[in-house]
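Visitor: I have a model open and would like to go through it with you. May I ask short questions as they come up?
Guide: Certainly; please begin wherever you like.

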Amino acid sequence: MKTRLIVATSLVALASTGSALAHATFANGPVAVGAYVAATLQVPHGCDGKATNEVRIKLPEGFISAKPMVKPGWEIEVIKGDYQNSYDNHGKAVTSGPVEIRFKNGDLPDDFYDTFTVYGKVAAGDPATGLAFPTVQLCGADDKVSWEEIAAPGQNPHDLKGPAPVLQLVAAEGDEHAGHGTHAGHGDQPAAADAHAGHGGHDAHAGHGDHMAATNPGGFEAVTVGDLELTAGFTKAMLPGQPVGGGFVTITNRGASDDRLVSATSDRAGEVQLHEMAMQGDVMKMRQLPDGIPVPAGQTVELVPGGLHLMFFKVAEPFQEGQSVKVTLTFEKAGNVDVVLPVGPAKAN
Ligand SMILES: [Cu+2]
């Protein structure tokens, strides 16, 4: 075990030494999930001969309460916004804060190296992927260098042309949730490496406790529409201040043609996404399924805790046990189907 750890560490060290020659990278070693860190971004050069005047650093979901370190010669702009999830910070729910830091009107000549530091808390993050901070260097009005690409699952970050700087993470020690992020809901939005970049993918997985386990309270009224039969639907109660949660239903396709669950909506949630959780090596990962969930002819697809699921985001009033939540599922062929999900207990029995 110890040997493996040492090998892994030296590989990381090698990798960052190599990439530091060209790419924007963090000077930091691995940071424990839950810890505060002064994340120091190293910017090794300008834009092809031109000096860099502005460095824009997007802060990933899970990196909260950020403060830029003052930097003589540079103006600093802090852009604030809502986090996708709510984070517990010393008993207080944190739902918004800085989401981007811009160091502006400075001068970093192409032949020089400089660092830009942002202090903050890693409230959630996946040690398997680290936290990516998409960064852009602007050089005058027309030139820029982008470090915004994020490796897709299984992709080698070194294959990317403009990889986003990644803050390496380790699981919080002694934390029973280690490896599953915090209990802060889905603190897991490293930007997607696909078309949804900028709006965040779903690779890591804080808050999986959420819907790794859940108890079906029963009482779901089965719905049949065309060839599809929907059974075993339910969701679970959310804790105060927790704006996300999972939803589950079993879909049987009795027809001869394939169908597909393409989207879902609910009055109770600002957004409903289709997700999957799956083991990747030793780590349970969650990701959004932008292409929906196929329901092949003659087959049954189960959305269940720990597997495929609906993910409710931006829930203004947390679901309470005993309530029911109306959800409209949209299928490619069967069209819109309304289901009413009974709300089970917050904790699995
Ligand atoms: Cu999810």
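Visitor: In which strand does Ser65 lie?
Guide: Ser65 belongs to strand β5, which covers residues 63-68. Please keep in mind that this is a predicted model.

Visitor: What is the sign of phi at Ser65?
Guide: The phi of Ser65 is positive, about 55°, although the residue is not a glycine.

Visitor: And is Ser65 buried or exposed, or something in between?
Guide: Ser65 is partly exposed, because 14 other C-beta atoms lie within 10 Å, and a residue counts as buried at 20 or more and as exposed at 12 or fewer.

Visitor: Turning to Asn105, what is its phi near?
Guide: Phi of Asn105 is near 55°, a positive value in a residue other than glycine.

Visitor: Where is Asn105 found?
Guide: Asn105 sits in the loop between β7 (92-104) and β8 (114-122). Asn105 is exposed, because it has 12 other C-beta atoms within 10 Å.

Visitor: Next, Gln42. Which strand holds it?
Guide: Gln42 is placed in strand β3, residues 36-43. With 17 other C-beta atoms within 10 Å, Gln42 is partly exposed.

Visitor: How many residues along the chain separate Gln42 from Thr115?
Guide: They are 73 residues apart along the chain, yet their C-alpha atoms are separated by 4.6 Å.

Visitor: What about contacts across the chain in general: what share join residues at least 24 apart?
Guide: Among contacts between residues at least 6 apart in sequence, 71% join residues at least 24 apart.

Visitor: How many helices and strands are there?
Guide: The protein chain has two helices and 24 strands. Of its 349 residues, 39% count as buried.

Visitor: Let us discuss sheets. What is the strand order in the open sheet of five strands?
Guide: The order is β6-β7-β4-β10-β11, and the pairing is antiparallel. At the edges are β6 (75-89) and β11 (143-147), each of which pairs on one side only. From one strand to the next, the twist averages 20°.

Visitor: How many bridges join β4 to β7?
Guide: Four bridges join strand β4 (residues 54-58) to β7, and the two run antiparallel. Within that part of the sheet, Val55 stands opposite Phe103 in β7.

Visitor: How do side chains generally sit along a strand?
Guide: In a regular strand, side chains alternate between the two faces of the sheet.

Visitor: Further along the chain, which strands does β17 pair with?
Guide: Strand β17 (residues 259-266) pairs with strand β20 (residues 293-295) in the antiparallel sense, over three bridges. β17 also pairs with strand β23 (residues 324-331), again antiparallel, over four bridges.

Visitor: Which residues face each other there?
Guide: Asp259 has Val295 in β20 as its bridge partner, and Thr265 stands opposite Thr328 in β23.

Visitor: Finally, confidence. What does pLDDT average over the chain?
Guide: The protein chain averages a pLDDT of 80, and 80% of the residues score at least 70. Over residues 1-21 the pLDDT is below 50, and this stretch has seven contacts in the model beyond near neighbours in sequence.

Visitor: And residues 173-210, how many contacts does the model have for those?
Guide: For residues 173-210 the model has 136 contacts beyond four places in sequence, while pLDDT stays under 50 over that stretch.

Methods. Residues are numbered from 1 along each chain as its sequence is written. Two strands pair if DSSP finds at least two bridges between them. Two residues are in contact if their C-beta atoms, placed from the backbone, lie within 7 Å. Axes are lines fitted to C-alpha atoms, for helices over the stretch in contact, and angles run from 0 to 180 degrees between N-to-C directions. pLDDT is the predictor's confidence in each residue, from 0 to 100.
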